[in-house]
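User: Could you take a close look with me at one part of this model, the place where protein and DNA meet? I'd love a connected walk through the contacts.

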Number of protein chains: 2
Amino acid sequence: MLEPKKTPPISIGDIDLDVLEDTLSFYIRTVNLAVSRDLDERLEGLDVARGTGKITTLLMVDSHPGIRPSVIAQLILKDRSAMGRLVDQMENHGLLTRETSVDDNRAQELYITEKGAQLAVQVRALVTQQSKDFFAFIPEDEQRLLMDILRRAYRRIAGLP
Amino acid sequence: MLEPKKTPPISIGDIDLDVLEDTLSFYIRTVNLAVSRDLDERLEGLDVARGTGKITTLLMVDSHPGIRPSVIAQLILKDRSAMGRLVDQMENHGLLTRETSVDDNRAQELYITEKGAQLAVQVRALVTQQSKDFFAFIPEDEQRLLMDILRRAYRRIAGLP
DNA sequence: TATTGTTATACTCTATAACTATA
DNA sequence: TATAGTTATAGAGTATAACAATA
């Protein structure tokens, strides 16, 4: 050693990500972490912050009156138990109401409240802007590409036509 | 109504995703949910299952002996507090050891154990295969495209050169 | 005064299984 | 017997703030 060590043994510039460098799921997971955090910041205080599914549930109930919990569950990739707790929570917050279906007494139909409808308007704008801002550093054409691929992936995973 | 209603008010085929249809962050978040769940299944029982950061920590400590917690924290987008608990956990599982740096007594250096090194070999193979399998339905050229874009996004978010 | 790491806490999500009611 | 939804619970991750030691 001719010189005293002044820097950490490994600095951030020297890092090689090992196999993760070429692992798509690694990038999906880390980018998700960052974009979800950013989204939560923007939604702070708004009843739909945190976790996945609240936003989708709100918008789906707003734009598809009478939609069933099990249908939303499929869209947000959750089971009925998780969906139930989500609906409880949103009902408690006065965002939606549930009614038993007259066609099938096992099933429920969800309807938006006035408060929920107002929040939906707000959330629609917020969510759109957040995604736009967060990914602004990616050129538009690449964003479109990314979205096209991920949309197909999502639809396949969720079992949509 | 000429016919009795036999189907739910809104069935999955009739769903329109509202603004989420064109929201990149929505797709990142949902695809993340699915890919993370699938990964957890494959890692079941393995000390690195659940949450983000364990896999990266294991591989980084294995391939960069003496790496510091704060450097890994930056890579996995966590704060020092979360990182500390991660290192505690992995130390308790006998996967790595920590030593105080001789250069800076505030800092630590992490080293892999034999058990950790063996797990790293296993995890490298598993993680690579999982990502490959999960995204197999996306054509290779699109996968490459996707990865190139997300890699740049990640490096920018993590502050890598 | 800034940095590295620790501790404590409160909150939330996650997964699972067992349950009721209806079809 | 299968389906829609409920309930209970154990385990884990997340975010925050306050803290000690060192540079």
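User: Which side chain has an N or O atom 2.5 Å from a base nitrogen of DNA strand D?

Analyst: Happy to! That side chain belongs to A:Arg80, with an N or O atom 2.5 Å from a base nitrogen of DNA strand D. A quick word on conventions: this is a predicted model, in which local features need pLDDT of at least 70 and side-chain atom pairs count only at pLDDT 80 or more, while totals for chains, interfaces and linings use all residues. Residues are numbered from 1 along each chain as its sequence is written, chains are lettered from A and ligands numbered from 1 in the order in which they are written, and side-chain values use heavy atoms, with hydrogens and water left out.

Let's stay with DNA strand D. There are 22 residues around this strand, and A:Arg80 is one of those that come nearest, along with A:Arg98, B:Lys54, B:Asp79 and B:Ser81 (a residue is near a strand if one of its heavy atoms lies within 4 Å of it). Sugar and phosphate make up 60% of the strand D atoms within 4 Å of the protein.

Two further polar contacts (pairs of N or O atoms within 3.5 Å) join the one from A:Arg80. The side chain of A:Gln108 has an N or O atom 3.0 Å from a sugar or linking oxygen of strand D, and B:Arg85 has one in its side chain 3.3 Å from a base nitrogen. Helix H3 (69-76) and helix H4 (80-92) of chain A, together with helix H4 (80-92) of chain B, each give two or more residues to this surface (helices are DSSP runs of H or I, at least four residues, numbered from the N terminus).

Now to DNA strand C, which has 20 residues around it; A:Lys54, A:Asp79, A:Ser81, A:Arg106 and B:Arg80 come nearest. Here 58% of the strand C atoms within 4 Å of the protein belong to sugar or phosphate, and the rest to bases. Base oxygens of strand C take part in several contacts: a polar side-chain atom of A:Ser81 lies 2.9 Å from one, a side-chain N or O atom of B:Ser81 is 3.3 Å from one, and a side-chain N or O atom of A:Arg106 is 3.5 Å from one. The elements giving two or more residues to this surface are H4 of chain A, plus helix H3 (69-76) and H4 of chain B. H4(B) provides the largest share, 3 residues.

Methods
A polar contact is a pair of N or O atoms within 3.5 Å; within protein, one must be able to donate a hydrogen and the other to accept it, and residues adjacent in sequence count only if both atoms are side-chain atoms.
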